[in-house]
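Good morning, and thank you for coming. I should like to present one structure today. Please look at the display before I begin.

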Amino acid sequence: MKAYLATIPAESLRQKPREAYYAGQKRLFVLVVIAVAVLPLVAINWKTSSFYQKSWLAKTTGELSGFASSRRELIDRFLTDQENLLGAFTELYDRQYLSRPGNLARLFQAINKSGIITDLGVIDANGRHLAYVGPFADQLAGRNYAAAPWFGEVMRQGRYVSDVFTGYRQVPHLVIAVAAPDHSWVLRATINSAMFNGLVSSANVGPGGDAYIISAGGELQTPGRLGAGKAAPEDLALLRAAGADGHHARQQGRYLYAVTPLNGGAWWLVLKTDIASSLQEFYQARKIGLALIVAAALAILGVAQQLIRSLVNRIEKAEQQRMTLTGKVREVEKMALIGRMAASVAHEINNPLQVIGAQAGWVEELLEEGVARQGANHQEELEAIGKIRQQVKRAATITRRLLGFSRHQEGPWQAVDLNQTVEETILLLEKEARSQRIDIRRNYQGDLAPVVTDASQLQQVFLNLLHNGVDAVEHDGLITVTTAKENNRIKICFADSGPGIAPDHLEKIFDPFFTTKAKGKGTGLGLAVSRDIMRRLQGDLRAGNGLEGGGLFTATLEQPGTEMAPARNEQNRGSP
Amino acid sequence: MTNEIRLLLVDDEKDFLEVTGKRLARRGFAVKIALTCGEAKAILDHEWPEVVVLDVMLPDLNGIQFLKEIKQKWPLLPVILLSGHASVQSGIKGIECGAYDYCLKPVDLEELIERVKIAYQESRAV
């Protein structure tokens, strides 16, 4: 008993943490889905995009670098070609020949088919302009260059290439001057710098990129995107970092740079690509991809949560059903235990009752004779003994009912021959009945098919009904037991030749504790328990009066053997 | 008395056994009592009882087992079983094993005497 009481609060306590447990399970499932489905998606996207970015950077750096070196060769060759051309003229012609009017003009016409050289001039060792061909003849006539830094340079080195400058022409240009082998005169040409503007700006540097040449002093030699003027300070810092070896490509800030020295280190070619604007389309694609992933992740989460919720709910419901079932099983076990306890208690009490009854009887007998017979209290003593015996009988009735009550769980279900079951029960009671000159007549239907039921409980019912019959008849009478099959039902009738059941008792006869027997003889439980048993065996028990008077109790049992019965018939037909 | 019935009473409850023995003796029975199967066997061998009243629960041997032994040796000797266990199954088992009758404890003395007499008369008739 103690064990059962202890389980009840424990079970109710377990209810609350269980809810928390399921909520925790749901959260765990959602986390697992995120970890298994969403995280890999995000990781793949991130890895792909960073891989693409890296490879784009590497490729673009390589391209820029290659482009820079090819342009350097081109520009350096161009400058060298111009120098060599002028050098060749200083060797072919002398100062006097070129100073004569018309000769320089013819030479200019011969070499200027491409329009690269915009003018030509001949200057003597003292800086005087001896001859000039070009659009600025008026402004330059008679000019002396002796003080100009470039003139000193060319006289010292033999050759000179200027930075691009606007000068008084108001047009960007650069000057190439070559001294004659004996340094007695100088041939000077102005080069249209627009020529290599084109060479540089044709570099494919992408949107937001730039390509230009700057001098070592930071002066822009070709107009970049920003136009002429000084280069940006960060560009200069990059050039300084590049050092003497020159050729160099790297990422700095939002730009990818490729720089290379030109013109013997006097100039630098700078190519830069704006990473962000070049990758703009990629970034756009990446944004769309990210949005798609977020949408997919949300969809996965939503679906997963729905699935998990319904799954967990179903598990919870199953768990509840299991708990209910366990509770029922426990209830049945508890009832069985109580039943067994009741039986053993009743059994144990029967023995002392037996002793009490026997001793009381003995005292009564002694009182009947001995000296006490003359005593004043003799009558009262006898009455007291009588009451003791009466109460023993009463207690015995109760213990018998308790024993009967406890047996409801007993017995396996198996195929039962009803005629045999009835017969066995009659045997138990027949001698008692005969001692009261009550005859028990059998009226069995011979071909009853077996019924699957609990024989021991059925016998309990039959015994109760037979006892009732014997009690009703009292002595000198007849009890008729009939078995018969009727449709899908088997009827077992117990008819007695007693006084019958009064009409107003018929309604109450199955009520618990209803009895017409003398006080102490019956508990009023026998018929109630019997009908309860029959109903549990899927049958019923009815009470009434027979046609010739006397009580008639009819127990019925379902025999759902409609499928079994024809099969058996066919078998019979099959075997001769 | 020449027509007194020789009765053997076997039960492990001494208080019941002795008093019932005395009461039955007063009513003209030649009563022998036994607390165990061992004692009962000795009496059966030497005293020739005509009816046996046997408790199903005995300390040294199961009453049903003892009933079988009695029935093997003396098939015609009527045995009335006495049990505190009101199970129909145990009653049927007893009858199947050859018990003549089956009484539930606590049994009324007059009822017991009635059954003993019927058993005795029937065994005589055979």
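I shall speak about the contact between the chains, then about the sheets, and lastly about a few details of the backbone.

Please keep in mind throughout that this is a predicted model.

Let us begin where the two chains meet. Chain A contributes 32 residues to the contact, and chain B contributes 34 residues. About 3000 Å² of area is buried between chain A and chain B, and carbon and sulfur atoms give 56% of that area.

How many salt bridges cross the interface of chain A and chain B? The rule finds six. In addition, ten residue pairs are in polar contact across this interface, with both residues at pLDDT 80 or more.

Which parts of chain A supply the side that touches chain B? Four helices of chain A, namely α9 (280-368), α10 (378-406), α11 (418-435) and α12 (455-473), each supply at least two residues. Of these, α9(A) gives the largest share, with 13 residues. Sorted by class, the side of chain A that touches chain B holds eleven nonpolar, eleven polar and ten charged residues.

I now turn to the salt bridges themselves. As a general point, side chains of opposite charge can pair when their charged atoms come close. Over all chains, the search of the whole structure finds 31 salt bridges. One residue to find on the display is A:E365. It forms a salt bridge with B:R27, and the closest N and O atoms are 2.7 Å apart. Why does this pair join two chains? A:E365 belongs to helix α9 of chain A, while B:R27 sits in the loop between α1 (14-26) and β2 (30-34) of chain B, so the pair links one chain to the other. A:E365 also forms a salt bridge with B:R23, where the closest N and O atoms are 2.7 Å apart.

Next come the sheets, beginning with chain A. Here an open sheet of five strands follows the order β2-β1-β5-β4-β3, and its pairing is antiparallel. Which strands stand at the edges? They are β2 (129-133) and β3 (159-161) of chain A; each has a single partner strand, so one side of each is left without a neighbour in the sheet. On average, and with direction ignored, neighbouring strands of this sheet are turned by 15 degrees against each other.

Within this sheet, strand β4 (residues 173-179) and strand β5 (residues 185-192) of chain A pair in the antiparallel sense over seven bridges. You may locate the pairing by A:A177, which stands opposite A:R188 in β5(A). Helix α3 (residues 103-111) of chain A packs on the sheet and touches β1 (117-124), β2 and β5 of chain A. The direction of helix α3 of chain A makes about 145 degrees with that of β1(A). Helix α5 (residues 149-157) of chain A lies across β1, β3, β4 and β5 of chain A, at about 140 degrees to β3(A).

Further along chain A, strand β13 (residues 477-486) has two pairings to consider. With strand β11 (residues 438-443) of chain A, it runs parallel, joined by six bridges. In that pairing, A:R441 has A:T480 as its bridge partner. With strand β14 (residues 489-496) of chain A, β13(A) runs antiparallel, joined by eight bridges. Here A:T482 stands opposite A:C493. β13(A) and β14(A) form a hairpin with two residues between them, and A:N487 in the turn has a positive phi of about 55 degrees.

What of chain B? Its open sheet has five strands in the order β2-β1-β3-β4-β5, and the pairing is parallel. At the edges stand β2 and β5 of chain B, each with a single partner strand, so each has one side without a neighbour in the sheet. Neighbouring strands of this sheet are turned by 20 degrees against each other on average, direction ignored. Strand β3 (residues 51-55) and strand β4 (residues 79-83) of chain B pair in the parallel sense over four bridges, and B:V52 has B:V79 as its bridge partner. Helix α3 (residues 63-73) of chain B lies across β3 and β4 of chain B, running at about 175 degrees to β4(B).

I close with two details of the backbone. The peptide bond from B:K105 to B:P106 is cis, with omega near -10 degrees. B:P106 is placed in the loop between β5 (101-104) and α5 (109-125) of chain B. A:D476, although not a glycine, has a positive phi of about 50 degrees; this residue lies in the loop between α12 and β13 of chain A.

How values were computed
Residues numbered from 1 in each chain as written. Chains lettered and ligands numbered in written order. Predicted model: local features only at pLDDT ≥ 70, side-chain atom pairs only at ≥ 80, totals over all residues. Heavy atoms only, no water. Contact = heavy atoms within 4.5 Å. Buried area = accessible area lost by both parts, 1.4 Å probe. Salt bridge = Lys/Arg side-chain N within 4 Å of Asp/Glu carboxyl O. Polar contact = N/O pair within 3.5 Å; in protein donor to acceptor, adjacent residues only side chain to side chain. Nonpolar A, V, L, I, M, F, W, Y, C, P; charged D, E, K, R; others polar. Pairing = 2+ DSSP bridges. Axes fitted to C-alpha atoms, helices over the stretch in contact; angles between N-to-C directions.
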